[in-house]
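Hi,

Here is the structure I promised to pass on. Have a look at it first, and then read my notes below.

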Amino acid sequence: MRKTAIAVAALLALATAASAADTIKLGGMFPLSGRAEGLGRECKLGTEQAVAEINAKGGVLGKKFELLSADSKANPAECVNLSKRYIQKDGVDFLFGVISSAAALAVAEVAKQEKVIFMDTVGSTDTLTKEKWNRYTFRAGICNSQEANSLALYTAKKHPKLTKFYNLGPDYEYGRTEWEIFKAKMKEVNPKAEFIGEQWPKLFIPDYTPYINAILQAKPDAVYCTLWGGDLVAFIKQAKPYGLFGKMKWIIATGADVELVRSMGKEMPTGIIADQRYYFHWPNSKRNQDFVKAYMAKNKEYPSAWAVEGYDGVYFLAEAIKKANSLDKEKVIAALEGLTIDSPRGKATLRKEDHQMVADYMVGEIGWDKQYPIAIVTNTEVFPADKVIYSIAEWKKAQESNK
């Protein structure tokens, strides 16, 4: 009996090992509760779509992707704990996902210490791929400078008479770095620009009344706003009764987010200068059309930027593994550096030097098009990637200052 039990246990162990060897494990971290839930849910849906598509074609090197996922709560400490559990207990091949910039920085430190590749999706602070760069971290989503610089250039060109700017941003890495980048670019392209005030609400607060009153008293020409997700929905709903969006121009990073415009419906304020990081209606390519069609067939809603950032993260890894013909991390890193994929948002490349994704970027103003049931960006302008992202010379300078 004892010999039989040992033999069965050995066979089970071999079967488990063989099963693990046949998979490529992604340690996914997505906020699935609270005000950041929408971003996490949609990033997870995009990730799952890519996994399903690749696996349906046989996977990569005969191996299928396996996505592990847990509620990260958009919390840095939670993400660190999940990362360590994924590596030490689950034996993941890659750390994946993350929405918060602060959490992305924390996970990048784990990746560096444990020498595990981390594919960041939504967390967008420049610091991740610039000042705090490490060779194990890559980003499939945009970074702050792509967003803030595009919004500043658009504003200066389309609305040159706006000179008095005010900030409303979340009090952590993302909000503060976005504001600094926007100020620098705006001052460069519009020397008359003044920055007359700033407000820093904590994440996920229930009441924005004090901030609304402060903005009304300041009377700026324009407000640069970096609230996002459920916080942005809550703020707009609370600010509308004050007529805030008719009294000054608003520039809202991610202000064209599908989750936001879907939540606001016909109540969505128009004329806001905004972006979404990816658009289901642009570019008008077969690749994007096919992605949108498949996503909508499964999820019954338009894909957001968060969905495509997760989707592209998987495809970057799949193409790199294929190119490397191996899961060896050093070979995969080498394959990821400089890799270009055909993304729903167009050609997307992971720069060799800093591991930041670069792609062209579109900004516009919130309006309505009878083709779509939700508000979209209109009066758009596309900014080439190399015109709005920080340069490699700036990156090298940041690396030198860190030595």
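Let's start with the largest pocket, where helix α7 gives the most to the lining, with six residues. Before going on, a word on the source: this is a predicted model, where local features need pLDDT of at least 70 and side-chain atom pairs count only at pLDDT 80 or more, while totals for chains, interfaces and linings use all residues. Residues are numbered from 1 along each chain as its sequence is written, and side-chain values use heavy atoms, with hydrogens and water left out.

Back to the pocket. Its volume is about 300 Å³, and of the 18 residues that line it, Lys 130, Ser 145, Asn 149, Ile 181 and Glu 394 are the closest to the centre. Two or more lining residues come from each of α5 (126-129), α6 (144-158), α7 and α15 (385-388). Helices (H or I, at least four residues) and strands (E, at least two) are DSSP runs, numbered from the N terminus.

There are closed spaces too: a search of the whole structure finds three cavities of 30 Å³ or more. The largest cavity holds about 90 Å³ of space, and its lining includes Leu 39, Tyr 172, Trp 228, Arg 277 and Trp 306. On a 1 Å grid over the protein atoms alone, a cavity is a set of points where a 1.4 Å probe fits but cannot get out, and a pocket is an open set with protein on both sides within 12 Å along at least five of seven lines; lining residues have an atom within 4 Å of a point. Grid points are joined across faces, edges and corners, and a volume is the space filled by probe spheres set on the points.

Helix α7 (residues 173-189) also lies across β6 (164-168), β7, β8 and β9, at about 170 degrees to β7 (axes are lines fitted to C-alpha atoms, for helices over the stretch in contact, meaning heavy atoms within 4.5 Å, and angles run from 0 to 180 degrees between N-to-C directions). Those strands belong to an open sheet of seven with mixed pairing, in the order β7-β6-β8-β9-β10-β14-β15 (two strands pair if DSSP finds at least two bridges between them). Its edge strands are β7 (194-199) and β15, each pairing on one side only. Inside the sheet, β8 (residues 222-225) and β9 (residues 249-252) run parallel over four bridges, with Val 223 partnered by Trp 250. Six bridges link β14 to β15 (residues 376-383) in the antiparallel sense. As for β14 (residues 361-367), seven of its seven residues are buried (under 20% relative accessible area; exposed is over 50% and partly exposed in between, with a 1.4 Å probe and protein chains only).

The other sheet to look at has five strands, in the order β2-β1-β3-β4-β5, and is open with parallel pairing. Helix α4 (residues 101-114) lies across β1, β3, β4 (117-120) and β5, at about 165 degrees to β4.

Finally, which residues touch the most other members of the largest nonpolar core? They are Phe 65, Leu 95, Phe 235, Trp 250, Phe 316 and Leu 336, out of 136 residues (a nonpolar core is a set of buried Ala, Val, Leu, Ile, Met, Phe, Trp, Tyr and Cys residues joined through side-chain atoms within 4.5 Å). Helix α13 (residues 305-324) gives the most to this core, with 13 residues.

Cheers
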